[in-house]
Amino acid sequence: MPIPKSNKIWFNGRFVPWDEAKIHVLAHVVNYGSSVFEGIRCYNTAQGPAVFCLNQHVQRLLNSAKVYRMEVPYSHADLSDAILQTIQQNNLKECYIRPIIFRGYGEIGVNPSNCPLEVVVAVWEWGQYLGNEGIEQGVDVCVSSWTRLAPNTLPALAKAGANYMNSQLIKMEALHHGYSEGIGLDTAGYVSEGSGENIFLINEGVVITPPLSSSVLPGITRRVVIDICHDLNIEVREQGIARELLYLADELFFTGTAAEVTPIRSVDKIAVGKGLRGPITTKIQQRFFQIVQGRNQDHPNWLVFL
């Protein structure tokens, strides 16, 4: 589905109409994928609209820019304010937020240094990434034939546009074969993550997630779920996960800003547990939605109200 248009986009410090937020076809980002970005959600809570983990997302955006030697002309506070102002300008109470920093039109060539840096914030209304049914019933996934990024090639800790060419291959392959999502393995054959989600496995009451060394993006929701598990006195381990453990797990679920907490009911047509959302996933998912919807005050610093 096309992105639902909002009214204004924040573009290099000023608001422009949605349809006028344009770049040149020879911009460096178009030719070489030189961008870093974030995906953030604003939830309509009982206390009003609130951005979830705003500070953490902005810091990761700046970290990604630093890795790619992008000297961002805006501070953490500037970018946070731009995000909040863009939501207000569009009169949205609940939305998806896409800040992006990219190399613009300048020189053609691999070296990006002489291309201007552009900074944009867009917002729009958006529902569940893997579908409303997936949140309750779970989704069917496959292990992809495409391997995740090798160490010391493209930095997996940076949320860069170029990395998502790999994600696109994983996603398209999965959809082509009738699955909702694919799971990539790292170069050693251990479980890494989905095309745009971190993954968690539950076995004998223990929650396990791959370490960052398995070409894993340090997901904000991943960190939140680890903290929720600690709150619920559920043991969490970060360790390598062999592919076959996906088939033997009691429960599996994805996490991410878009995916939120989405159960996985089958992998390669093998049912996970009973093929339904499991009890531990349900507890974690319920606590997650209580917090983002403002119905639980365990972590008030996770919500920034407009």
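**Reading a predicted chain: fold, surface, single residues, one pocket**

Q: How many helices and strands does the protein chain have?

A: The protein chain has eight helices and 17 strands. Both are DSSP runs numbered from the N terminus, helices being H or I over at least four residues and strands E over at least two. The radius of gyration is 19 Å, close to the 19 Å that the globule rule gives for 306 residues, so the chain is as compact as a globular protein of that length. That radius is taken over C-alpha atoms, and the rule is 2.2 Å times the number of residues to the power 0.38. Along its principal axes the C-alpha trace spans about 55 × 45 × 30 Å.

Q: What kind of model is this, and what are its limits?

A: This is a predicted model, in which local features need pLDDT of at least 70 and side-chain atom pairs count only at pLDDT 80 or more, while totals for chains, interfaces and linings use all residues. Residues are numbered from 1 along each chain as its sequence is written, and side-chain values use heavy atoms, with hydrogens and water left out.

Q: What share of the residues is buried?

A: Buried means under 20% relative accessible area, exposed means over 50%, and partly exposed is in between (1.4 Å probe, protein chains only). Here, buried residues make up 53% of the 306 residues. The accessible surface of the chain comes to about 14,100 Å², and 51% of that belongs to carbon and sulfur atoms. These areas come from the Shrake-Rupley method with a 1.4 Å probe; for residues, only the protein chains shown count as cover.

Q: What share of the contacts joins residues 24 or more positions apart?

A: A contact means heavy atoms within 4.5 Å. Among contacts with a separation of 6 or more, residues 24 or more positions apart account for 69%.

Q: Is asparagine 198 buried or exposed, and which residues does it contact?

A: Asparagine 198 is found in strand β11 (residues 198-203). With a relative accessible area of 5%, asparagine 198 is buried. Beyond its neighbours within four places in sequence, its contacts are Glu193, Val216, Leu217, Gly219, Arg222, Phe253, Phe254 and Thr255. Isoleucine 220 is 22 residues from asparagine 198 in sequence and 9.7 Å away in space, C-alpha to C-alpha.

Q: Where do proline 73 and alanine 249 lie?

A: Proline 73 lies in the loop between α2 (54-67) and α3 (76-89), whereas alanine 249 is in the loop between α7 (244-248) and β14 (251-256). Proline 73 is exposed, at 53% relative accessible area; alanine 249 is buried, at 4%. Leaving aside neighbours within four places in sequence, proline 73 is in contact with Leu117 and Val119. Not counting residues up to four places away, alanine 249 touches Leu201, Ile202, Val272 and Gly273.

Q: How far apart in space are tryptophan 126 and arginine 41?

A: Their C-alpha atoms are 9.1 Å apart, with their positions 85 residues apart in sequence counted as separation. Tryptophan 126 sits in the loop between β7 (117-124) and α4 (132-137) and is partly exposed, with a relative accessible area of 35%. Arg41, Tyr96 and Ala258 are its contacts once neighbours within four places in sequence are left aside. For another pair, proline 73 and glutamate 204, the sequence separation is 131 residues and the C-alpha distance is 49 Å.

Q: What is the sign of phi in asparagine 233 and glutamate 260?

A: Most residues other than glycine have a negative phi. In asparagine 233 phi is positive, near 60°, and in glutamate 260 phi is also positive, near 55°. Asparagine 233 is in the loop between α6 (220-231) and β13 (236-238) and is exposed at 72% relative accessible area. Glutamate 260 lies in strand β15 (residues 260-267) and counts as buried, at 1% relative accessibility.

Q: Which residues line the second largest pocket?

A: On a 1 Å grid over the protein atoms alone, a pocket is an open set of points where a 1.4 Å probe fits, with protein on both sides within 12 Å along at least five of seven lines; lining residues have an atom within 4 Å of a point. The second largest pocket is lined by Phe11, Ala21, Lys22, Ile23, Val29, Ser35, Ile100, Phe102 and Val120. By class, seven are nonpolar, one is polar and one is charged. Ala, Val, Leu, Ile, Met, Phe, Trp, Tyr, Cys and Pro count as nonpolar, Asp, Glu, Lys and Arg as charged, and the others, Gly among them, as polar. About 240 Å³ of space lies in this pocket, a volume being the space filled by probe spheres set on the points, which are joined across faces, edges and corners.
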